[in-house]
Each structure stands twice: as C-alpha cells, then as structure tokens.
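Let's take a walk through this structure together, one stop at a time. Keep the sequence and the 3D view beside you as you read.

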Amino acid sequence: MNALATPFTQQAGIEVPLICGAMYPATNPELVAAVSEAGGIGIVQPLSMVYVHGYDLRDGLRLIRRLTAKPIGMNVLIERSSRAYLERMRRWLEVALAEGVRFFVTSLGKPRWVVEQVAAAGGVVYHDVTDRRWALKALDDGVHGLIAVNDRAGGHAGGTSAEALIGELGDLSRPVICAGGVGDEAAFVAALRLGYAGVQMGTRFIATDECRVHPEYKRRIVAATEDDIVLTERVTGVPLAVIRTPYVVRVGTRAGPVARWMLRGRRTKYLMRTIYALRYVWKLKRAALGGGSSRDYWQAGKSVAGIHSVEPAAVIVRRFAAAARAAV
Ligand SMILES: Cc1cc2nc3c(=O)[nH]c(=O)nc-3n(C[C@H](O)[C@H](O)[C@H](O)COP(=O)(O)O)c2cc1C
C-alpha cells in the first residue's frame, strides 16, 4: 500500500504526489528524468527543450527515456496569438503521444483539443487555473484535474492564497494540485493537509544539481528571502514573479505606456503579446544560461523562503515523501 496515494498519483501512475513543474527556460531532460525516477513526475517544457537546450523534441524525450522508465509529463501552452506557434504545439503534442507521454499540463487558452487527443490515447490533462471561473471553463473542456496556481507561485503567479483556492476548487470532483510557495517539506505536508491531491514545484527544482541553469541563478535563489520576490509586468505584460535586483527597482514593475496602450487595443494586443513572447524567450534564456547581466530578470517564487542549498533532485523528492509519510 502506498501511504501517499491520492487520486492524482493514481491517474498519473506515480508514487509521490509531487510534480516538477514545466519551466521556461529552466527545464532540461536530466531534471525531468531525475524527478520521475525518484517517484514524482517531471514535466517537459517543449520550448525549453528545443530552443534553450537544443534538442529536437523527439530526441529529448528519448534521452529522458534512457534515464528513466517511469511516467513523465509535458506542458502544452495554448497561446493563440500566433498560428505558427499553435501549429508547432499541435505537432509537439503528437510527438509526445507517439513517444508514450500520457500526462499533460495545459496553460492558458482552451484545452479541449488537447483533452480530445490525449484522452483518445488513454492519457490525462491537468489545466493551470487561478480561480473558479477559469476552472469551470476548463471542466467544460473535459480536463481531468486542476493545477491551482496561487499568489506565491514562481512564473505567472495567481492572485489568491493556497488556502482560499482549495476552498474555491475543492468541490469540483477533480484532483486539485497546489502550485506555488512550496520550498520545503513542511510546506509540502501543509499543502497535502489542506486537501490538495499533490503539489507542483518550480523554484525548488532550479536549485538542483540536475538543472542546467547558470550557478549564479541557483546562488541567487538560495540567497533570496521571500521579501525579495516581486511581480513585474515588464517581461510578459502580465505579473511574473522575479527576484528584486537594482535593475528591477530602477525600471519599475509596470508595463511601459506604449505596451499598456497596445495591450488595450483589440488588434494591437496580439502584436504586443508576440513582441513580449519573443523578448521573453530571448531575455530569460540569456539570464538563465549565461549568468546574467545587470539588466536581466531571474524568475523565482516566494518558495525561495524554504530553499537553503543546491541538492540532487532525488534527495528533495525522497525527503519530501518521507516527511509526508511520517505525517500520515
Ligand atoms: C523559472 C520558471 C519558469 C516557469 N515556466 C513555466 C512554463 O513554461 N509553463 C508553465 O506552465 N509554468 C511555468 N512555471 C510555473 C511552474 O511550473 C510552477 O507552477 C511554479 O513554479 C510553482 O511555484 P514555485 O516556483 O513557488 O514552486 C515556471 C516557473 C518558474 C519558476
């Protein structure tokens, strides 16, 4: 009997209710494999796999397969502003299904087409949501579980606390995963106690041996306290959690006036989003891999509070699992 079994671990076919969330540009094949091999589940970020780490998606998935036979997942970002991007995502989904991936995390947009293809292959789709309204839409599209992104999350943060979100989503008859703010085993156990079926972590797994980002980025995560984390609109146009640096303080955290004007227009908003997307892909890659310049952004969530050293990913998964077993 697995003392840590939840509806989520049963659906995903894993032992520990812990996800290493997709991270552009921090997800690399070795990190995904290490988390899955230790009993959690690592999520491939296809843009990171292809544009940051230089693998063809199929080759990258096969590399992971050589490192672990256990389940892995893939992130499908449904960004509708570019048709070429959406087409590429459709092809990537087909490749992932052909390579045996059966767990998918969708973000943004309407996940129905992903659910249809994945369910036909016997897989499951969990959708990122920040409130009940988006959760109900995702349920209409047939998703199998919800990832509740709270106000402490790394990446694009939500606006609601973990405690309030489980209150909003707990009665929807789907497993709900807590995303945001979990950096140590006490917070992991606390999230499971709140009623979450699992926890998705990002920032904690950047400070690991397997993550290929520059050592300076890991050092900054270890050194940061939660008061160092701020939300800025200047990278993607919507609040993104980053470490406060002198540069972030100098330029401020609101989108510039031209960007704000373009984001309000019915046609110009798509162009502005594309500009943001290109800048995001380029700027964040440069900071994460190159050690950064004084004008770079370091993405991290408030979970930095619980992160005190760089460790192997498997050590983290095992320590969190042991704490949860002891609490059960
Ligand atoms: C550097 C970074 C990049 C991220 N990129 C993505 C992404 O590409 N797609 C996605 O769905 N979530 C992304 N996220 C969100 C994570 O998957 C996860 O939900 C979040 O990090 C949880 O909060 P935590 O960092 O406090 O653990 C990112 C998070 C970070 C820190």
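Leu 108 sits in the loop that runs between β4 (103-107) and α6 (112-120). As you look at Leu 108, keep in mind that the model is a predicted one. What is the phi of Leu 108? It is positive, at about 65 degrees, although Leu 108 is not a glycine. This deserves a pause because most residues other than glycine have a negative phi, and most peptide bonds are trans.

The second half of that rule brings us to another loop. Pro 25 is found between β1 (18-20) and α2 (29-37). The peptide bond leading from Tyr 24 into Pro 25 is cis, and its omega is near 10 degrees.

From that loop we can step into α2 and see how it packs. The axes of α2 and α4 come within 9 Å and cross at roughly 35 degrees, and the crossing is right-handed. On the α2 side, the contact is made by Pro 29, Glu 30, Val 32, Ala 33 and Glu 37, while α4 brings Gly 60, Leu 63, Ile 64 and Leu 67. Sorted by class, the contact of α2 with α4 has 6 nonpolar residues, 1 polar residue and 2 charged ones.

Helix α4 (residues 57-67) also has a second partner, helix α5 (residues 83-98): their axes come within 10 Å and cross at roughly 30 degrees. The two helices are therefore roughly parallel to each other. Here too, α4 passes α5 in a right-handed crossing. Leu 57, Arg 58 and Leu 61 of α4 meet Trp 92, Val 95, Ala 96 and Ala 98 of α5. The residues of this contact of α4 with α5 divide into 6 nonpolar and 1 charged, with no polar ones.

Now let's move further along the chain. Helix α9 (residues 185-194) and helix α15 (residues 313-327) have axes that come within 9 Å and cross at roughly 50 degrees. That angle is why α9 counts as oblique to α15. The handedness of this crossing is right-handed. If you want to find the contact, look in α9 for Glu 185, Phe 188, Val 189, Leu 192 and Arg 193, which meet Arg 319, Phe 320, Ala 321, Ala 323, Ala 324 and Ala 327 in α15. By class, the contact of α9 with α15 holds 8 nonpolar and 3 charged residues, and no polar ones.

Our last stop is the ligand. How many residues surround it? There are 23, and the closest are Ala 22, Gln 45, Gln 200, Gly 202 and Thr 203. Thr 203 is worth a second look: an N or O atom in its side chain is 2.5 Å from an oxygen atom of the ligand. The side chain of Ser 303 likewise has an N or O atom 3.0 Å from a ligand oxygen. At Gly 181 the backbone takes part, with a polar backbone atom 3.0 Å from an oxygen atom of the ligand.

Technical notes
Residues numbered from 1 in each chain as written. Predicted model: local features only at pLDDT ≥ 70, side-chain atom pairs only at ≥ 80, totals over all residues. Heavy atoms only, no water. Axes fitted to C-alpha atoms, helices over the stretch in contact; angles between N-to-C directions. Helix = DSSP H or I, 4+ residues; strand = E, 2+ residues; numbered from the N terminus. Parallel < 35°, antiparallel > 145°, perpendicular 65-115°, else oblique. Left-handed = near helix turned anticlockwise from the far one by under 90°. Contact = heavy atoms within 4.5 Å. Nonpolar A, V, L, I, M, F, W, Y, C, P; charged D, E, K, R; others polar. Near = heavy atom within 4 Å. Polar contact = N/O pair within 3.5 Å; in protein donor to acceptor, adjacent residues only side chain to side chain.
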